[in-house]
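Me: I have a model open on my screen and would like a close look at one part of it, with some context around that part. Could you walk me through it?

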Amino acid sequence: MASLPGIDEHTTSEELITGDNEWHKLVIPKGSDWQIDLKTEGKLIIKINSGIAEIFGTELAVDDEYVFQSWKFPIYAVEDTELIWKCPDLTTNTIIVRSNHTMKYIYNLHFMLEKIRMSNFEGPRVMVVGDPQTGKTSLSRTLCSYALKFNAYQPLYINLDPQQPIFTVPGCVSATPISDILDAQLPTWGQSLTSGATLLHNKQPMVKNYGLERINENKDLYFECINQLSEVVRERLHVDPQVRRSGCIVDTPATTQLDENLNELHHIIEKLNINIMLILCSEADPLWEKVKKTFGPELGNNNIFFIPNLDGVSTVDDVYKRSLQRTSIREYFYGSLDTALSPYAVGVDYEDVVIWKPSNVFDNEIGKVELFPVTITPSNLQHAVIAITFAERRADQATVIKSPILGFALITEVNEKRRKLRILLPVPGRLPSKAMILTSYRYLE
Ligand SMILES: Nc1ncnc2c1ncn2[C@@H]1O[C@H](COP(=O)(O)OP(=O)(O)OP(=O)(O)O)[C@@H](O)[C@H]1O
């Protein structure tokens, strides 16, 4: 066994751990998860000594150090795994190792999808559906990781939950070809194109900015974003045979956020040309019957599968979601623990910017596909994340809504006296002379 200086060979998972920052040893039996919940910013460092362990399908290399922060996730042992770890925030009571009984369903699904990929030029177009916190994202991530484990596939991961920041800041819907291994250390799955070098191959998401937090703040705009994204997806699948053959995995918002008669799911199925549906629920759940009845005639009952809610999936509250969103905004500008980026601050006059905001039913506006001009004041804009569009600065709102996104910026200061804004950009240069859209997200450095 490889060992680090200072490690007590007799340390086992049964020892009393009271929150020190020393190395400890843990054995995870085959088929079990170490369910980790890092509530604070304290770092967990782990190193696999032996065995095969995965995080959502991404295998951890033996003897490499992995660092984690503020995240709930499992380390799953494919084989008996021995590892060492240190973290001041974990104690004997918070080390939970449990058998995972739902992994077999994921293996079966993976092999079914693999069969489709091998026998067709067009890969499976899978949609994952379920109630809140049933494991939709965990399942999508594992299926994406497995797809590229043994073959040169590049599945397209489509995230339709704007509250969930994956490869982007929050507030977006996105489609990302998973072109290489995911970063096991990051809840955001890895880094997208950045202003610095990354350790792993960075991914290139296609992003549509919704900008609001919840879907019901403006459903018309949300579905307009999905329509626009589906055009980009169609184009990508048309020109890229590798992605086309690998197929798509579509991660949807919880069914409770969509309409009860499933018309909105139907719209997504049509737009993204879905041919396989995975429902995370029990067989006795009324959702399962409803989905089969509604979509069976169109997709065929053989293409609709239920999977029990994944083992280990934990409920997450708004505080946790916000902390993930905050982490993703920080990563966008400053990088992650092992990739430091250098954002660039520019000063601009009030007159140099045109900022719009989407209409929001919660602000007594009609939730239409419509933008309103934003008056520049500190209360409106201080610490706000804004999307920079490709539309010219003076473009009308209809053009701005249809425009793709160039990237995001952060307004760090609004100086009313001098009528100046200080804006943080991910790359050096001037602020592009483009129209911008205010998002609901704030980040205080
Ligand atoms: N085996 C496990 N052990 C511990 N935590 C887990 C496990 N599987 C998933 N989780 C965690 O449970 C939480 C909820 O899982 P996930 O995000 O996949 O559910 P979801 O259905 O997509 O949720 P939402 O409805 O909020 O989008 C996540 O923080 C995830 O990392």
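Which residues in α3 meet which residues in α5?

Reply: Happy to take you there. Please keep in mind that this is a predicted model. On the α3 side, the residues are K219, F223, I226, N227, S230, V233 and R234. They meet E264, H267, I268, K271 and L272 in α5. Sorted by class, this contact has five nonpolar, three polar and four charged residues.

Now for the geometry of that pair. Helix α3 covers residues 219–239, and its axis comes within 9 Å of the axis of α5, crossing at roughly 20 degrees. An angle under 35 degrees counts as roughly parallel, so that is the description for α3 and α5. The crossing of α3 past α5 is right-handed.

Helix α5 also has a contact with α6, so it is worth following the chain onwards from your part. Here α5 is residues 263–272 and α6 is residues 286–299; their axes come within 11 Å and cross at roughly 20 degrees. These two helices are therefore roughly parallel to each other as well, and α5 passes α6 in a right-handed crossing. From α5, the residues involved are L265, H266, I269 and E270, while α6 brings F295, E298 and L299. By class, that contact has four nonpolar, one polar and two charged residues.

For another helix pair, look at α1 and α2. Helix α1 spans residues 103–119 and helix α2 spans residues 136–147; they pack at an angle of about 50 degrees, with axes 10 Å apart. That angle makes α1 oblique to α2. The crossing is right-handed here too. On α1, the contact is made by M103, I106, Y107, L109, H110, L113 and R117, and on α2 by L139, T142, L143, Y146 and A147. These residues divide into nine nonpolar, two polar and one charged.

Moving on to the strands, you will find an open sheet of four, in the order β1-β8-β3-β6, with antiparallel pairing. At its edges stand β1 (24–28) and β6 (65–68); each has a single partner strand, so one side of each is left without a neighbour in the sheet. Neighbouring strands are turned by 30 degrees against each other on average, ignoring direction. Within this sheet, β3 (residues 44–50) runs antiparallel to β6, and four bridges join the two. If you want a place to zoom in, try I45, whose bridge partner in β6 is V67.

There is also an open sheet of five strands, ordered β5-β4-β7-β2-β9 and again paired antiparallel. Its edge strands are β5 (58–59) and β9 (96–99), each pairing on one side only. Strand β2 (residues 32–37) is joined to β9 by four bridges, and the two run antiparallel. Here the residues to pick out are W34 and V97, the latter being the bridge partner of W34 in β9.

One record helps to label this stretch of chain. An unreviewed UniProt entry places the feature "domain: Clp1 N-terminal" at residues 28–118. Over that range, the model is 18% helix and 43% strand, and the C-alpha atoms at the two ends are 34 Å apart.

Methods: Residues are numbered from 1 along each chain as its sequence is written. This is a predicted model: local features need pLDDT of at least 70, side-chain atom pairs count only at pLDDT 80 or more; totals for chains, interfaces and linings use all residues. Side-chain values use heavy atoms; hydrogens and water are left out. Two strands pair if DSSP finds at least two bridges between them. Axes are lines fitted to C-alpha atoms, for helices over the stretch in contact, and angles run from 0 to 180 degrees between N-to-C directions. Angles under 35 degrees count as roughly parallel, over 145 as roughly antiparallel, 65 to 115 as roughly perpendicular and the rest as oblique. A crossing is left-handed if the near helix is turned anticlockwise from the far one by less than a right angle, and right-handed if clockwise. Contact means heavy atoms within 4.5 Å. Ala, Val, Leu, Ile, Met, Phe, Trp, Tyr, Cys and Pro count as nonpolar, Asp, Glu, Lys and Arg as charged, and the others, Gly among them, as polar. UniProt positions are given in the numbering used here, feature names are shortened, and annotations may be inferred rather than shown by experiment.
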